[in-house]
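Visitor: I'd like to learn how to read helix packing from a model. Could you walk me through an example?

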Amino acid sequence: EQYRLGLALLDRLVADFPAMPEYRSSLAHLHTNLGILLRHSYRTEAEAEGHFRKGQALFQVLASSHPAVPQYHRDLAANHTALG
């Protein structure tokens, strides 16, 4: 599945460039969007929830590390809503 390549690439970018919040944000969005896609395609609930939780953890790091960036807080809230 092609999304796995995107996840692997972004995982590597986050690991190699931890000071670049854009990579972490992109990875968090990808996990959240995969959770939404999997939920709507009637895949296992656990698979979708796993992606939501990974996105949530990444957004939490962003919101905590950059408290003055409102977008990271909005993204975290949107992830919580999608997970709920």
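Guide: Gladly! Let's begin with handedness: H3 passes H4 in a left-handed crossing. Please keep in mind that this is a predicted model.

Visitor: How do you describe a packed pair beyond its handedness?

Guide: The general idea is that two packed helices are described by the angle between their axes and the distance between the axes. Here, the axes of H3 and H4 cross at roughly 160 degrees and come within 9 Å.

Visitor: Are H3 and H4 roughly parallel or roughly antiparallel to each other?

Guide: Angles over 145 degrees count as roughly antiparallel, and H3 and H4 are therefore roughly antiparallel to each other.

Visitor: Which residues in H3 and H4 meet?

Guide: On the H3 side you will find Glu49, Phe52, Arg53, Gly55, Gln56, Phe59, Gln60, Leu62 and Ala63. They meet Tyr72, His73, Asp75, Leu76, Asn79, His80, Ala82 and Leu83 in H4. Sorted by class, the contact of H3 with H4 has eight nonpolar, six polar and three charged residues.

Visitor: Let me try another pair. At what angle do H1 and H2 pack?

Guide: Helix H1, residues 2–16, and helix H2, residues 21–40, pack at an angle of about 150 degrees, and their axes are 9 Å apart. That makes H1 roughly antiparallel to H2. As for handedness, H1 passes H2 in a left-handed crossing.

Visitor: And which residues in H1 and H2 meet there?

Guide: H1 brings Tyr3, Gly6, Leu7, Leu10, Asp11, Leu13 and Val14 to the contact, while H2 brings Tyr23, Arg24, Ser26, Leu27, Leu30, His31 and Leu34. These residues of the contact of H1 with H2 divide into nine nonpolar, three polar and two charged.

Visitor: Tyr23 caught my eye. Which residues is Tyr23 in contact with?

Guide: Tyr23 lies in helix H2. Leaving aside neighbours within four places in sequence, Tyr23 is in contact with Leu10, Leu13, Val14 and Phe17. At 26% relative accessibility, Tyr23 counts as partly exposed. For a sense of distance, the C-alpha atoms of Tyr23 and Asn79 are separated by 17 Å, and these two are 56 residues apart along the chain.

Visitor: What about H2 with H4: at what angle do they pack?

Guide: H2 and H4 pack at about 20 degrees, with their axes 11 Å apart. Angles under 35 degrees count as roughly parallel, and H2 and H4 are therefore roughly parallel to each other. Their crossing is left-handed. From H2, the contact is made by Pro21, Ser25, His29, Thr32, Ile36 and Arg39, and from H4 by Tyr72, Asp75, Asn79 and Ala82. By class, that contact of H2 with H4 has four nonpolar, four polar and two charged residues.

Visitor: Now for the interior. How should I think about a nonpolar core?

Guide: In soluble globular proteins, nonpolar side chains tend to be buried together. In this model, the largest nonpolar core has 13 residues, and those with the most contacts inside it are Leu7, Leu27 and Phe59. H1, H2, helix H3 (45–65) and helix H4 (70–83) each supply at least two residues of this core.

Visitor: Is Phe59 buried or exposed?

Guide: Phe59 is buried, with a relative accessible area of 1%. This residue lies in helix H3. Not counting residues up to four places away in sequence, Phe59 touches Ser25, Ala28, His29, Thr32, Asp75, Leu76 and Asn79. Between Phe59 and Thr32 there are 9.9 Å in space, C-alpha to C-alpha, although they are 27 residues apart in sequence.

Visitor: For contrast, which residues could I look at that are partly exposed?

Guide: Try Gly50, whose place is in helix H3. Gly50 is partly exposed, with a relative accessible area of 28%. Gly50 and Thr32 are 9.4 Å apart in space, C-alpha to C-alpha, and 18 residues apart in sequence.

Visitor: And is there one to look at in H4?

Guide: Yes, Ala77 lies in helix H4. Ala77 is partly exposed too, with a relative accessible area of 41%. Its C-alpha atom and that of Gln56 are separated by 8.9 Å, the two being 21 residues apart along the chain.

Note on methods. Residues numbered from 1 in each chain as written. Predicted model: local features only at pLDDT ≥ 70, side-chain atom pairs only at ≥ 80, totals over all residues. Heavy atoms only, no water. Axes fitted to C-alpha atoms, helices over the stretch in contact; angles between N-to-C directions. Helix = DSSP H or I, 4+ residues; strand = E, 2+ residues; numbered from the N terminus. Parallel < 35°, antiparallel > 145°, perpendicular 65-115°, else oblique. Left-handed = near helix turned anticlockwise from the far one by under 90°. Contact = heavy atoms within 4.5 Å. Nonpolar A, V, L, I, M, F, W, Y, C, P; charged D, E, K, R; others polar. Core = buried A, V, L, I, M, F, W, Y, C linked by side-chain atoms within 4.5 Å. Buried < 20%, exposed > 50% of the residue type's maximum accessible area, 1.4 Å probe, protein only.
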